[in-house]
Amino acid sequence: TTLLQLEATADEYLAANKAAKPSGTDKATKTAAAHASASKKDEAKRSTPLAGQKINLNPKKVADLLPELAMLKSLYEESKERIAKLNAKEKQSKQRFEVQQKQHLARLATIEARFKN
């Protein structure tokens with residue numbers, strides 16, 4: 001039941017964050033952008049994406065886990081969308097390949113017919 005409560009609270013948290021922030025401005029995106037710009041500036045110096053952030057490594061309350069759960073849920077949703085797009089692209093590629101293969105075989109048949117005559 002604790003897991004169900006955690007999921008319900010996380011859903012509320014996600015809904016509140018979506019209403020408050022436009023998409024693309026979540027904490028993970030900002031952190032990734034900051035990390036990318038830092039690595040471009042100084043590639044010789046290695047830094048972690050968690051540098052300068054206060055993270056509770058020993059959560060004692062369900063509320064401490066809400067941001068992590070929200071991040072994981074959004075990552076899961078984005079991954080599902082990405083997989084759906086890749087599947088659609090693969091389907092189009094297979095259809096295009098079949099058409100090109102038919103055209104190629106037709107050309108080969110005409111070339112063979114020319115040489116037989």
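K80 and E77 sit 3 residues apart in helix α3, about one turn of the helix. In this predicted model, the pair forms a salt bridge, with 3.7 Å between the closest N and O atoms. Neither partner is tucked away: K80 is partly exposed, at a relative accessible area of 39%, and E77 counts as partly exposed at 39% too.

The structure holds 2 salt bridges. Besides K80 with E77, E90 pairs up with K94, and here the closest N and O atoms are 3.6 Å apart. E90 and K94 are 4 residues apart in helix α3, so about one helical turn separates them. An α-helix has 3.6 residues a turn, so residues three or four places apart point the same way. E90 is partly exposed as well, with a relative accessibility of 42%.

Helix α3 itself covers residues 66-116. Its 51 residues should span 75 Å at 1.5 Å a residue, and the end C-alpha atoms turn out to be 74 Å apart, which agrees. Within α3, the buried residues include L66, L69 and A70. L105 lies in the same helix, and together with L108, I111 and F115 makes a nonpolar surface patch of about 420 Å².

As for the protein chain as a whole, there are 3 helices and 0 strands, running α-α-α from the N terminus on. Buried residues make up just 5% of the 117 residues. The chain exposes about 10,600 Å², and carbon and sulfur atoms supply 58% of that area.

Notes: Residues are numbered from 1 along each chain as its sequence is written. This is a predicted model: local features need pLDDT of at least 70, side-chain atom pairs count only at pLDDT 80 or more; totals for chains, interfaces and linings use all residues. Side-chain values use heavy atoms; hydrogens and water are left out. Patches are made of residues with over 30% relative accessible area and no salt bridge: like charges are joined within 9 Å, nonpolar side chains (Val, Leu, Ile, Met, Phe, Trp, Tyr) within 5 Å. Accessible areas come from the Shrake-Rupley method with a 1.4 Å probe; for residues, only the protein chains shown count as cover. A salt bridge is a side-chain nitrogen of Lys or Arg within 4 Å of a carboxyl oxygen of Asp or Glu. Helices (H or I, at least four residues) and strands (E, at least two) are DSSP runs, numbered from the N terminus. The expected span of a helix is 1.5 Å times one less than its number of residues. Buried means under 20% relative accessible area, exposed over 50%, partly exposed in between (1.4 Å probe, protein chains only).
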